[in-house]
Amino acid sequence: MTPYKGTGRWLAQIVLRGKRTRLGIFDTLEDAAEARRQAERELFAPVLEAHGIEPTGESDA
């Protein structure tokens, strides 16, 4: 997450296979982080599973 143009809001984005996807601009860092976590679950889990790696949750780390 990065601060968004001095507005006090937060930009969440994610990169997969060289493609950057903007997830949105959020009022709080916590909301931006949650959007990023959700995108990680949706995008990276299939990639990990395709390589025989079990996706882990945040509590497993």
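## Salt bridges along helix α1

In this predicted model, R37 pairs with E34 through a salt bridge, and their closest N and O atoms sit 3.2 Å apart. Both residues belong to helix α1 (residues 29-50), where a spacing of 3 residues puts them about one turn of the helix from each other.

E34 has another partner, too: R41 forms a salt bridge with E34, with 3.3 Å between the closest N and O atoms. Put those contacts together and you get a network of salt bridges linking E34, R37 and R41.

What about R36 and E40? Their side chains meet in a salt bridge as well, at 2.7 Å from N to O. R36 and E40 are 4 residues apart in helix α1, so about one helical turn separates them. As a general point, side chains of opposite charge can pair when their charged atoms come close.

The structure holds 4 salt bridges, and those described here include the following:

| Salt bridge | Closest N to O distance |
|---|---|
| R37 and E34 | 3.2 Å |
| R41 and E34 | 3.3 Å |
| R36 and E40 | 2.7 Å |

Are these residues buried or exposed? Partly exposed means between 20% and 50% relative accessible area. R37 lands in that class because its relative accessibility is 26%, and E34 does so at 37%. The other member of the network, R41, is partly exposed with a relative accessible area of 44%. Over in the R36 and E40 pair, R36 counts as partly exposed at 24%, while E40 is partly exposed at 29%.

How values were computed: Residues numbered from 1 in each chain as written. Predicted model: local features only at pLDDT ≥ 70, side-chain atom pairs only at ≥ 80, totals over all residues. Heavy atoms only, no water. Helix = DSSP H or I, 4+ residues; strand = E, 2+ residues; numbered from the N terminus. Buried < 20%, exposed > 50% of the residue type's maximum accessible area, 1.4 Å probe, protein only.
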